[in-house]
Amino acid sequence: MSASSHRGTLRLEELRDSFDSSFSRPPPAQREPGEALLRLRVGRTSLAVRLADLSGLHLMPRLVRLPGSPASLLGLVGLRGQLLAVHDLSALLGLASGEAPGWLLIAGGSRRVGLAATGFEGQLRASAEQHHHDAASSPHPLLATRVSLPDGRLLPVLDADALVRQLLEEASRSP
C-alpha cells in the first residue's frame, strides 16, 4: 500500500467516524429569545406564570378535601407516589372565582406545592422589554409584574416563588 493510499484510507475512516458520531450526539439546544410563560386562568382572571418557576402542569387529579383546613387549602392529591397539598390560587390572590379548578401547577422545587388554576390558556414568550413592574395598580403584590401582549393589553405575572415561600413559612408557623 502506498503512502498516499494509506492517507486516503485514514481520511475516509475519519469522515466515516465523524458522520456516524453525529447521530449519537444530542441536537444542539435552540434558544428562543425571551422568557417562557404559561398563560392561565385563575377564577375569571388571566395571568401568566414563569415556566422556570414550575416543575409540572397536570389536569387536576382526584382531590381529597381536608376537614377544618383553611379556605385556600383545597386538599391533597396523590401524584407520582407523593402526597401534595393543593392551594387555590384564586383564594390566595383574592380573585373572584366561580368554577372548580381544572389544572394543577407544581411549584417549589424540592419542597413541592400544588397550586390550582381554573384553566390553561397556552404559552407565550416575553422579552425583558415586555416586562413592566407596577405594584401600585396591581390587584395583589404577587402580581406586580406585567407582560405586554401583542394586542397592547397587560397580563399580570404571578411571582410563584414568592407565593411558595409565603405558603411554606405559614405552614411552618402553624401548630
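## The largest pocket

In this predicted model, the lining of the largest pocket is made of 12 nonpolar, 4 polar and 2 charged residues. That lining has 18 residues, and L73, A85, H87, L167 and A171 lie nearest the centre of the pocket. The volume of the largest pocket is about 350 Å³.

Three elements give two or more residues to this lining: β4 (73–79), β5 (82–88) and α3 (160–173). Of the elements, β5 gives the most, with 5 residues.

## The annotated domain

The UniProt annotation "domain: CheW-like", taken from an unreviewed entry, covers residues 34–169. Over residues 34–169 the chain is 11% helix and 47% strand. The C-alpha atoms at the two ends of this stretch are 31 Å apart.

## The nonpolar cores

The largest nonpolar core has 23 residues. Within this core, the residues with the most contacts are L47, V49, L89, L93, L115, L158 and L163. The elements that give two or more residues to the core are the strands β1 (35–42), β2 (45–50), β6 (103–107) and β7 (113–117), together with the helices α2 (89–93) and α3. The most comes from α3, with 5 residues. The helix α3 is thus named twice in this report, since α3 also gives two or more residues to the lining of the largest pocket.

Another core lies apart from the largest one and has 9 residues, among them M60, V77, L104 and A116.

What does L89 touch, not counting residues up to four places away in sequence? The residues touched by L89 are V42, L105, L115, A116, L158 and L163. Among these, L115, L158 and L163 are also listed with L89 as residues with the most contacts inside the largest core.

## Two glycines in strand β8

G119 is in strand β8, which runs over residues 119–126. Is G119 buried or exposed? Its relative accessible area is 5%, so G119 is buried; the cut-off for buried is under 20%. Leaving aside neighbours within four places in sequence, G119 is in contact with L40, R41 and W103. G119 and L40 are 79 residues apart along the chain, yet their C-alpha atoms are separated by 5.6 Å.

G122 also has its place in strand β8. With a relative accessible area of 17%, G122 is buried. Its contacts, leaving aside neighbours within four places in sequence, are L37, L38 and R39. G122 and A48 are 74 residues apart in sequence, and their C-alpha atoms are 9.5 Å apart in space.

## The loop between β4 and β5

R80 is found in the loop between β4 and β5. Phi of R80 is near 50°, a positive value in a residue other than glycine. Most residues other than glycine have a negative phi. R80 has a relative accessibility of 72% and therefore counts as exposed, given that exposed means over 50%.

G81 lies in the loop between β4 and β5 as well. The relative accessible area of G81 is 82%, so G81 is exposed. The C-alpha atoms of G81 and A52 are separated by 23 Å, and these residues are 29 residues apart along the chain.

## The loop between β3 and β4

Where does G68 lie? G68 is in the loop between β3 (54–59) and β4. G68 is exposed, because its relative accessible area is 84%. Along the chain, G68 and L84 are 16 residues apart, and their C-alpha atoms are separated by 17 Å.

Methods
Residues numbered from 1 in each chain as written. Predicted model: local features only at pLDDT ≥ 70, side-chain atom pairs only at ≥ 80, totals over all residues. Heavy atoms only, no water. UniProt positions renumbered as here; feature names shortened; annotations may be inferred. Helix = DSSP H or I, 4+ residues; strand = E, 2+ residues; numbered from the N terminus. 1 Å grid on protein atoms, 1.4 Å probe; cavity = no way out; pocket = protein on both sides within 12 Å on 5 of 7 lines; lining within 4 Å. Points joined across faces, edges and corners; volume = space filled by probe spheres on them. Nonpolar A, V, L, I, M, F, W, Y, C, P; charged D, E, K, R; others polar. Core = buried A, V, L, I, M, F, W, Y, C linked by side-chain atoms within 4.5 Å. Buried < 20%, exposed > 50% of the residue type's maximum accessible area, 1.4 Å probe, protein only. Contact = heavy atoms within 4.5 Å.
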